[in-house]
Amino acid sequence: MELNSLFLNSWLVKNWKIALAALLVIALANFVRYITKLQRYTKIFEFSKHRKTLLDGEEYVGADFNSKGNKRAPDDTTPNNSYVPALKVDKHVPFNGATVTLPGGPKQFYELANNRRSVRSYSAKRIPPLELIEECIRAASTAPSGAHTEPWTFCVISDPNIKQHIREIIETEEEMNYAQRMHRQWTADLTPLRTNHIKPYLTDAPYLILVFKQIYGYLPNGERKQHYYNEISVAIATGILLCALQAAGLNSLVTTPLNCGLALRKLLARPENEKLLLLLPVGYAADDCVVPDLKRKALKEIMHLY
Ligand SMILES: Cc1cc2nc3c(=O)[nH]c(=O)nc-3n(C[C@H](O)[C@H](O)[C@H](O)COP(=O)(O)O)c2cc1C
């Protein structure tokens, strides 16, 4: 009898309508969660279906076709001429082959390339003329690029205040990179090079060249222009830049300031379509400059003749 009255007087029985409503709300919430999950899995499935059909190497293209649909569907009847090429070429002209060569041929070029070393200590007093830097960047601009999109921007910094600001941004991030973000194997692999988060070369070197990749460009009508293989194209241009700097008797260092891209892009007021790829201090090596005694792979290790 006591149990019965306890049951009849319980909160649950007295407020059964509220309890039922709460249960219904929980059930509805679970149903919504289930549907959302289902949708997510469908999307993942669709994505993995798409990934399976990715062309070999397509991940490097860096073009965004989302607005136009990613694939040419078998039943796509859109005529090809409804797409207008971004590149305007009026005609093709005769080409006489490579007519400008080095007197010493590729051996001489090898000597020049092999003489390049990564320099992390610069003379702050010897300042190369800006024209030399301009010539080197002009050489870099001859690089081939995906669909001739020329997706590069070279920012040349000589202003001491901006260099100081860049150094502060990079050293702050690099301190965290070395201490927390980089894998311990990574920092261990760097010890022979004696690199750390302190980077005097960022203020000592007379010039800093910040190389940006343009992940897309703009058409004259303001629409986005695809920049295919933009990172590969900019890397090739930087390779040519390194060789040109070497030919000019200048030293440099390829650096990849981890996690600094956004801050540096904003500092230089570069647009959103530009992403920092590399930063090169450029100048003359300091008198007391040392470099690690590295060996390069032999030809037989890297070349296979078929
Ligand atoms: C993609 C790339 C990223 C690099 N990043 C850095 C860097 O952040 N800091 C640095 O001191 N050196 C950097 N280096 C320089 C390498 O450590 C250097 O090229 C390598 O040790 C070989 O030495 P060498 O350039 O004197 O032949 C980088 C080089 C490349 C190609």
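**Group meeting: strands, helix faces and a ligand shell**

I would like to begin with strand β6, which has eight of its ten residues buried, so that this strand is largely enclosed by the rest of the structure. Please keep in mind throughout that we are looking at a predicted model.

Let me place β6 among its partners. The sheet is an open one of four strands, ordered β1-β2-β6-β5, and the pairing is antiparallel. At the edges stand β1, residues 152-157, and β5, residues 251-252, and because each of these has a single partner strand, one side of each is left without a neighbour in the sheet. On one flank, β6, which spans residues 274-283, is joined by eight bridges to β2, residues 207-214, and the two run antiparallel. If you want to find that pairing on the screen, you can take V211, whose bridge partner in β6 is L278, and then F212, which stands opposite L276 of β6. On the other flank, β5 and β6 are joined by two bridges, again with the strands antiparallel, and here S252 stands opposite V282 in β6.

Turning now to helix α5, which covers residues 130-140, which of its residues are buried? They are I133, C136 and A140, and when one looks down the axis of α5 these buried residues fall within an arc of 60 degrees, so they line one face of the helix. The spacing is what one would expect on general grounds, because an α-helix has 3.6 residues a turn, so residues three or four places apart point the same way. On the other side of α5 we find E131, E134 and R138, which are exposed.

After α5, in the loop that leads to β1, comes A147, and this residue deserves a word on its backbone, since its phi is positive, about 55 degrees, although A147 is not a glycine. As background, most residues other than glycine have a negative phi. A second case is Y229, where phi is near 50 degrees, also a positive value in a residue other than glycine; Y229 sits in the loop between β4, residues 224-226, and α9, residues 230-247. Are these two residues buried or exposed? A147 has 16 C-beta neighbours inside 10 Å and therefore counts as partly exposed, whereas Y229, with 20 other C-beta atoms within 10 Å, is buried.

For those of you interested in the ligand, the residues surrounding it are R117, S118, R120, L193, T195, L253, V254, T255, T256, V291 and L294. By character, this shell divides into five nonpolar, four polar and two charged residues.

Finally, the overall layout of the chain. The protein chain is divided into domain 1, residues 2-52, and domain 2, residues 106-286, and the C-alpha centres of these two domains lie 55 Å apart. An unreviewed UniProt entry places a "transmembrane region" at residues 16-35, and in the model that span is 100% helix and 0% strand, with its end C-alpha atoms 28 Å apart. UniProt, again in an unreviewed entry, also carries the annotation "domain: Nitroreductase" for residues 115-284; over those residues the chain is 41% helix and 19% strand, and the end C-alpha atoms are 14 Å apart.

Notes
Residues are numbered from 1 along each chain as its sequence is written. This is a predicted model: local features need pLDDT of at least 70, side-chain atom pairs count only at pLDDT 80 or more; totals for chains, interfaces and linings use all residues. UniProt positions are given in the numbering used here, feature names are shortened, and annotations may be inferred rather than shown by experiment. Two strands pair if DSSP finds at least two bridges between them. A residue is near a molecule or strand if its C-beta atom, placed from the backbone, lies within 6 Å of it. Ala, Val, Leu, Ile, Met, Phe, Trp, Tyr, Cys and Pro count as nonpolar, Asp, Glu, Lys and Arg as charged, and the others, Gly among them, as polar. Domain bounds come from an automatic or database domain assignment. A residue is buried if 20 or more other C-beta atoms lie within 10 Å of its own, exposed if 12 or fewer, and partly exposed in between; C-beta atoms are placed from the backbone. The arc is that of the directions from the helix axis to the C-beta atoms.
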